[in-house]
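Please read the following note alongside the sequence and the structure. It is arranged as numbered points.

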Amino acid sequence: MRTDVTIIGAGPAGLFAAFYVGMRNLSVRIIDPLPEPGGQLSALYPEKYIYDIAGFPKVLAKDIVANLVEQLEPFKPVYSLGERAEKLEEDNGDFVIQTSAGHSYRTGSIVIAAGVGAFEPRRIGCPGEADFVGHGVYYAVKSPEEFRGKRVLIVGGGDSAVDWTLGLKDRAHVTTIHRRDAFRAHGATVNQMRAAAEAGEIRLLTPYEVKSIEGDGQVRRATIFHNQTKEETVLELDAVIILAGYISKLGPLASWGLELEGNKIKVNSKMETSRPGIFGCGDIVTYPGKLPLIALGFGEASIAANHAAAYANPALKINPGHSSEKADHVPALSEKAVAE
Ligand SMILES: Cc1cc2nc3c(=O)[nH]c(=O)nc-3n(C[C@H](O)[C@H](O)[C@H](O)COP(=O)(O)OP(=O)(O)OC[C@H]3O[C@@H](n4cnc5c(N)ncnc54)[C@H](O)[C@@H]3O)c2cc1C
């Protein structure tokens with residue numbers, strides 16, 4: 001399906017840019033390799049408070065993401081999550097974006113809101129890991145019910161590992177290992193996890209790492225080791241959930257022929273990149289005076305989205321007017337997007 005505008009990156013800047021495209025009565029697609037929207041806020045610090053969002057004295061990162069998604073929802077954006085934008089071609093006045101999932105998406109203009117680059121799960125690199133992806137090795141929990149009654153090894157020491165240890169303990173037989181004794185997660189949830197271990201509800205082992213993952217087309221066991229004594233333990237398992245954080249890289253966007261400054265994309269005051277029809281906002285862009293802050297990303301997103309909308313549909317004026325005077329337009333826009 002063709003959309004008028006495509007946003008690359010579902011972080012705060014990308015989500016707000018998509019909202020503004022919807023406000024202009026145009027269709028919008030959002031592409032991101034992560035399984036859920038939110039960019040750094042979802043991947044790196046969902047439980048942290050943010051204090052410098054205008055109008056919010058104190059707000060959890062995950063709540064800002066939930067609010068952005070809700071604000072955007074009336075415009076029925078097309079989410080293409082779990083795939084990275086890779087190649088770009090031009091065809092008959094349109095852009096065609098190819099993704100890592102093998103899809104091609106046609107669009108009239110593009111807003112790049114790719115932050116610090118595409119997030120990908122950090123691999124632990126042990127023998128067997130790559131062989132069992134999709135056959136018992138996971139990098140995210142999409143459906144907790146999938147693990148009901150199963151023997152699960154969770155690997156990691158951040159918020160995701162601790163949250164899913166607690167989230168799965170009543171459904172599955174959970175062993176959680178971390179390579180250090182200290183966890184990098186929210187103190188209250190770490191305490192809950194330690195209490196669950198003391199109560200025998202889960203098994204918690206530190207400082208432990210995975211030596212290998214084994215099976216017969218499906219994960220059957222893993223060998224883990226104490227990284228100081230080197231003592232090994234074999235665990236009989238059905239699943240290994242690796243929640244060891246993310247790595248990010250600019251990757252394929254670097255070859256789209258855009259003018260760069262270091263690993264940032266240069267934009268002008270209209271948030272235009274050096275390539276007509278491609279705009280940018282958020283952490284990925286640079287210009288004199290740029291600061292990598294969410295507050296600034298929101299402002300840049302509204303500039304980028306309004307110019308991208310006008311590029312995709314030249315009949316539109318750049319200035320969107322005031323949303324407060326258009327509130328009654330939102331249901332109509334939603335109906336239109338659904339009908340399309
Ligand atoms: C621990 C921590 C605390 C922070 N606290 C604050 C704070 O208090 N206040 C503040 O203002 N800022 C804070 N920041 C910075 C803030 O999170 C960033 O400025 C903000 O996330 C940038 O938003 P963004 O939408 O530009 O990019 P991101 O949030 O980085 O999102 C970009 C998205 O683009 C996706 N992407 C990248 N490449 C591609 C591709 N090729 N195809 C498809 N998708 C792609 C990525 O997967 C990612 O999901 C903090 C950052 C960290 C790490």
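The points below take up the ligand and its surroundings, an annotated span, and one sheet.

1. The model is predicted, and each point should be read with that in mind.

2. Around the ligand there are 32 residues, of which Asp32, Tyr45, Ala85, Asp283 and Ile294 come nearest. By type, this shell consists of 21 nonpolar, seven polar and four charged residues. At least two shell residues come from each of α1 (12-23), β2 (28-32), α2 (40-43) and β9 (118-121).

3. Which atoms of Tyr45 and Asp283 lie 2.5 Å and 2.9 Å from an oxygen atom of the ligand? For Tyr45, a polar side-chain atom lies at 2.5 Å; for Asp283, a backbone N or O atom lies at 2.9 Å. Ile31 also places a backbone N or O atom 3.4 Å from the ligand, in this case from a nitrogen atom. The ligand taken alone exposes 1,000 Å², and the protein buries 86% of that area.

4. An unreviewed UniProt entry lists residues 4-288 as "domain: FAD/NAD(P)-binding". In the model, this span is 18% helix and 34% strand, and its end C-alpha atoms lie 30 Å apart.

5. Three strands form an open sheet in the order β14-β15-β16, with antiparallel pairing. Because β14 (208-215) and β16 (232-236) stand at the edges with a single partner strand each, one side of each has no neighbour in the sheet. From one strand to the next, the twist averages 25°.

6. Seven bridges join β14 and β15 (residues 219-226) in the antiparallel sense. Within this pairing, Glu209 has Phe225 of β15 as its bridge partner.

Conventions
Residues numbered from 1 in each chain as written. Predicted model: local features only at pLDDT ≥ 70, side-chain atom pairs only at ≥ 80, totals over all residues. Heavy atoms only, no water. Near = heavy atom within 4 Å. Polar contact = N/O pair within 3.5 Å; in protein donor to acceptor, adjacent residues only side chain to side chain. Areas by Shrake-Rupley, 256 points an atom, 1.4 Å probe, with all protein chains shown as cover. Helix = DSSP H or I, 4+ residues; strand = E, 2+ residues; numbered from the N terminus. Nonpolar A, V, L, I, M, F, W, Y, C, P; charged D, E, K, R; others polar. UniProt positions renumbered as here; feature names shortened; annotations may be inferred. Pairing = 2+ DSSP bridges. Axes fitted to C-alpha atoms, helices over the stretch in contact; angles between N-to-C directions.
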